[in-house]
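Got the viewer open? Here's a short tour, one selection at a time.

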Amino acid sequence: MFVSSAGMHVAVLLFAAALPLTTVALDNGLMKTPPMGWLAWERFRCDVDCEHDPKNCISENLFIDMADRLAEDGWKELGYVYVNIDDCWSSMDRDKEGRLQSDPKRFPGGIHKLARYVHDRGLKLGIYGDMGTHTCGGYPGTPLDKIKIDAQTFADWEVDMLKYDGCYSNVTEQEQGYPLMSEALNATGRPIGYSCSWPAYQGGLPPKVNYTQLGKICNLWRNYGDIQDSWDSVLNVIDWFFNNQEVLIPAAGPGRWNDPDMLLIGDFGLSMDQSRAQMALWAIMAAPLFMSNDLRTISSGARSILQNKMAITINQDPMGIQGRRIVKEKNGIEVFWRPLSSNASALVFFSRRKDMPFRYQTSLSKLNYTTGSYKAFDVFAEKTVMLKDSTDFVVSVNPSGVVMWYLSAPAKRHLRQFYKGGRSRDEGNAIPSFIL
Ligand code: GLA
């Protein structure tokens, strides 16, 4: 085809214009499954009164304590490896070179030393910054002109993750700042997981929020408001995420996650049933699992929910497909489903009822599963049942509680004996037909 020199010129220009886009993409290879760990904010907030509350104030001692617990109490082995500092860690002033510095009284060793300590325990350290003039708690922010220097400071301190909040910044600054920080973190050469609060400041939905772009520049992002220590707050978060699932599901995948905020399990606001519900639905959502609780005093009940291996396996499924709500009954029962690797899937039966355990009757074929036999493992009761798609079954779901199943096709070898050299027509496939 003949290309005029004017056409060529345009082509070159277009190519050049496309270049900056490629350098903006976050390229840290991190968080192929949702990150897991501990984050200070929901439980410890901005308690800086170490004189009166030495055990609970935002100080290096708090993070050392939590790192010790993560390393010694079986959390780390399950994947809970991030120890994340939130707001209120810094001094009110930058140092002479213009760098952020930690509060000298509360972090006498400094962040770099804390990172070394955390790394020595086989864990990772996260820190918090804010795109505006100030953090939400009123500490120094990282506005546009400070992005490079602060990214470099975090890398020099050997930090592994940054939560970049958005208080005291406007739309235009955010449009520039969030991609710029992504580039600046990349440019340090240190892999630093990048959590962006940007969408939460823009209502979480298109057209204001561009999830394709976010997936290229951030590893995870807060879409919605802050979670608080109450069941009402959990319901509010659940409603928003599942009412907007058609927008949110395609945004998620390995290395890029929607973040419905921290796990409250082990705090004051949730019953054991509600705690299981939060764990189950966060697993269905492929959500980051950041606990915000006191690991020094956590009850064994809360611990066993957070340490439930199957719930974690479901959350961490390598396909990284975010699950969805598939049934919303008028009687207050909802069913959620997530496709998993190896033809497996997860189901959650959830009750919004306030009266008594509800006996919900259904079958896998009613939930759109294809013909076949299935093995259903009850994640919290730790029991297995075998089911045909056509079998009617009843699950008893407690008020504000869940029943969670991990479903797999049973071993296929037995079937194969009868279908030598070929695939049986009947091999269970855990993928409901409606997505095929
Ligand atoms: C915002 C964030 C919270 C927390 C606080 C800290 O509200 O959404 O998660 O980081 O700021 O001030």
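A polar contact here is a pair of N or O atoms within 3.5 Å. Keep that cut-off handy, and remember that this is a predicted model.

**Stop 1: the ligand.** Select the ligand and D226: an N or O atom in the D226 side chain is 2.5 Å from a ligand oxygen, so this pair falls within the 3.5 Å cut-off. Now add D87, where a polar side-chain atom sits 2.7 Å from an oxygen atom of the ligand. K163 does something along those lines too, with a polar side-chain atom 2.8 Å from a ligand oxygen. On its own the ligand has 310 Å² of accessible area, and the protein covers 90% of that.

**Stop 2: the surroundings.** Which residues surround the ligand? Show W41, D86, D87, Y128, C136, G137, K163, D165, R222 and D226.

**Stop 3: from the ligand into the sheet.** Keep Y128 and K163 selected: K163, in β4, is the bridge partner of Y128. Their strands, β3 (residues 124-130) and β4 (residues 161-165), run parallel and pair over five bridges. Next, colour helix α5 (residues 110-120), which packs on the sheet and touches β2 (82-84) as well as β3. The direction of α5 makes about 145° with that of β3.

**Stop 4: the whole sheet.** Zoom out and pick up eight strands in an open sheet with parallel pairing, ordered β7-β6-β5-β4-β3-β2-β1-β8. Why do β7 (257-259) and β8 (289-291) each have one side without a neighbour in the sheet? They stand at the edges, each with a single partner strand. Look along the strands for the twist, which averages 25° from one strand to the next.

Technical notes:
Residues are numbered from 1 along each chain as its sequence is written. This is a predicted model: local features need pLDDT of at least 70, side-chain atom pairs count only at pLDDT 80 or more; totals for chains, interfaces and linings use all residues. Side-chain values use heavy atoms; hydrogens and water are left out. Two strands pair if DSSP finds at least two bridges between them. Helices (H or I, at least four residues) and strands (E, at least two) are DSSP runs, numbered from the N terminus. Axes are lines fitted to C-alpha atoms, for helices over the stretch in contact, and angles run from 0 to 180 degrees between N-to-C directions. Contact means heavy atoms within 4.5 Å. A residue is near a molecule or strand if one of its heavy atoms lies within 4 Å of it. A polar contact is a pair of N or O atoms within 3.5 Å; within protein, one must be able to donate a hydrogen and the other to accept it, and residues adjacent in sequence count only if both atoms are side-chain atoms. Accessible areas come from the Shrake-Rupley method with a 1.4 Å probe; for residues, only the protein chains shown count as cover.
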